[in-house]
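Welcome, and thanks for taking a look at this one with me. Below are some notes to read alongside the sequence and the model.

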2 protein chains.
Amino acid sequence: MDHHHHNAHHDADMEGAPLDEAFTPRQEEVLEAALGLLVEGGERAITTAGLARAANCSKESLYKWFGDRDGVLAAMIAYQASKVRVAVGGSGPQRPADTYRADLEGFGVDLLTVLSGPASLALNRLAIGQASREGSRLGDLLVARGRRAVSSRAKALLEAGRRAGHLRFEDTLDAFETLYGLILRDMHVRLMLGEHVPATNSDRAMATHVARAVDQFFRLYGADAQS
Amino acid sequence: MDHHHHNAHHDADMEGAPLDEAFTPRQEEVLEAALGLLVEGGERAITTAGLARAANCSKESLYKWFGDRDGVLAAMIAYQASKVRVAVGGSGPQRPADTYRADLEGFGVDLLTVLSGPASLALNRLAIGQASREGSRLGDLLVARGRRAVSSRAKALLEAGRRAGHLRFEDTLDAFETLYGLILRDMHVRLMLGEHVPATNSDRAMATHVARAVDQFFRLYGADAQS
DNA sequence: TCCGTACCGTACCGTTCGGTACGGTGTCAA
DNA sequence: TTGACACCGTACCGAACGGTACGGTACGGA
């Protein structure tokens, strides 16, 4: 194995350290084209020749930049995650009850908006399709890049609510996952299966659904909840 | 298009009527072999030549029975669903509160057990991977065959609980989806991504998790819940 | 015995795709 | 002007796969 030492992707070790791996503008153009192909055609639509044609680049450059086809897929996930890089802002240190509730609902709507977006769905489909293959890493990559960001932002939000006296819980992660389940239910899987999910059609529908979910969450974890 | 009128799969219309499509024992053997290939190798492992070799049958028979490769995939989903055919038993008409709670927990453990099983995960991965491709139907098929069965059983259980005075809710489907979300959270997606989910490792872990989820469900929909 | 049916195993074909090689072009620096 | 560099476009190769055709075998009924 020659190990070209191209820009550094899909190395065998890859520790927990994110190791930003910035892409050049040209590479980002190519990855954008790849995302376009993926969204409308699925994984099979990403062929090296097809991507080179769609991005007006040469196959040789693809292999120089990303190593091989799997490297392209991994780079797509890393790139998309780098775009979504949500501002994990502390959102001010103390919010009254009603605006805090609005913060939670805003998080929920953001979550629903991102996860029902075509790019997110396509990348999740890609990672899931590759998950069966041994040693694919794409799933880990997606979880590490995508979910952890959401999780950390949500957990910060929840702990702020607890400090402010709006919420009561022991395990932050557990509370977050409950909120996640109340909001998403099985919508994510159904969306990935191609089903039509009414609650994700319009902003209005999403807002009302999230409001109900947050309402349930407060009945379970609100400061005035029994037990 | 000659339209061989083989055993009747993946026709263009396919109404709501299930239309059982029984398979011959030989065909079931082949589908079982295909499931084995799928579980350990993903979709790419199901090649016509490979399946013929693994099942000791000829490619010609595959095409006679299932039409083409996509027909094999659809048949696999239909076959697996026909195996899981859960007994949607009424479970007796009136259960005291504690045993009814046990019924709910039993349902939850069954749900978790099925969805975390390798065959279910592999088929869901398959359907999701095919969902991007236009006109794939596999997602619809999986939803129709799998989810609807679970959904109808659960809704019957919930309505029995309401009739018995254990639960209070307006929309049965909504209550069911809430229960679903409380139990599964995002475990299904994470499992499909290949992640390690502790709550699905042992029967003990599943039982305790489901017990907590059902507890939360009763706090939201129990007869003694406020509002 | 003969024939039809169902099936297996193998060989074969056309296409697609991943990956490599090569010639040609623009650019920047010496 | 020269050369190094990065890149594009095209051509090419080998392998794998979907799908078809064909010869051979077991069986069951006339």
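**Notes for a first look**

1. A good place to begin is A:Arg101, which is partly exposed because its relative accessibility is 26%. Please keep in mind that this is a predicted model. A:Arg101 forms a salt bridge with A:Glu105, and their closest N and O atoms are 3.6 Å apart. A:Glu105 also counts as partly exposed, at 23% relative accessibility. The two residues lie 4 residues apart in helix α5 (residues 97-115) of chain A, so about one helical turn separates them.

2. Now turn to chain B. There, B:Arg101 and B:Glu105 form a salt bridge, with 3.6 Å between the closest N and O atoms. Both sit in helix α5 (residues 97-116) of chain B, 4 residues apart, which means a separation of about one helical turn. B:Arg101 is partly exposed at 26% relative accessibility, and B:Glu105 is partly exposed with a relative accessible area of 23%.

3. Salt bridges that share partners also build a network, joining A:Arg147, A:Asp174, A:Glu177, B:Arg185, B:Asp186, B:Arg190, B:Glu195 and B:Arg212. Over all chains, a search of the whole structure finds 28 salt bridges.

4. How many salt bridges cross the interface of chain A and chain B? The rule finds 12 of them. In one, the side chains of B:Asp174 and A:Arg185 meet at 3.1 Å, N to O. This pair runs from helix α8 of chain B, where B:Asp174 sits, to the loop between α8 and α9 of chain A, which holds A:Arg185. Both B:Asp174 and A:Arg185 are buried. Another salt bridge links B:Glu43 to A:Arg44, with the closest N and O atoms 3.9 Å apart.

5. The interface also has 16 residue pairs in polar contact, both residues at pLDDT 80 or more. On the side of chain A that touches chain B, the elements giving two or more residues are α6 (118-131), α7 (138-163), α8 (172-184), α9 (187-192) and α10 (203-221) of chain A. The largest share, 6 residues, comes from α8(A). By class, that side has 13 nonpolar, 9 polar and 13 charged residues.

6. For the extent of the interface, 35 residues of chain A are in contact with 36 residues of chain B. The area buried between the chains is about 3,700 Å², and carbon and sulfur atoms give 53% of that. In chain A, the residues losing the most area to chain B are A:Arg185, A:Leu193 and A:Arg219, together 20% of what that side buries.

7. Next, the interior. In soluble globular proteins, nonpolar side chains tend to be buried together. Here the largest nonpolar core has 134 residues, and those with the most contacts inside it are A:Met76, A:Leu158, B:Met76 and B:Leu158. Beyond its neighbours within four places in sequence, A:Leu158 is in contact with residues including A:Tyr100, A:Phe169, A:Phe176 and A:Phe217.

8. Is B:His166 buried or exposed? B:His166 counts as buried because its relative accessible area is 14%, under the 20% cut-off. B:His166 is placed in the loop between α7 (138-163) and α8 (172-184) of chain B. Leaving out residues up to four places away in sequence, B:His166 touches, among others, B:Arg95, B:Tyr100, B:Phe218 and B:Tyr221.

9. Lastly, A:Ala33 belongs to helix α1 (residues 25-41) of chain A. Apart from residues up to four places away in sequence, A:Ala33 touches A:Leu51, A:Ala54 and A:Ala55.

Definitions and conventions: Residues numbered from 1 in each chain as written. Chains lettered and ligands numbered in written order. Predicted model: local features only at pLDDT ≥ 70, side-chain atom pairs only at ≥ 80, totals over all residues. Heavy atoms only, no water. Core = buried A, V, L, I, M, F, W, Y, C linked by side-chain atoms within 4.5 Å. Buried < 20%, exposed > 50% of the residue type's maximum accessible area, 1.4 Å probe, protein only. Contact = heavy atoms within 4.5 Å. Buried area = accessible area lost by both parts, 1.4 Å probe. Salt bridge = Lys/Arg side-chain N within 4 Å of Asp/Glu carboxyl O. Polar contact = N/O pair within 3.5 Å; in protein donor to acceptor, adjacent residues only side chain to side chain. Nonpolar A, V, L, I, M, F, W, Y, C, P; charged D, E, K, R; others polar.
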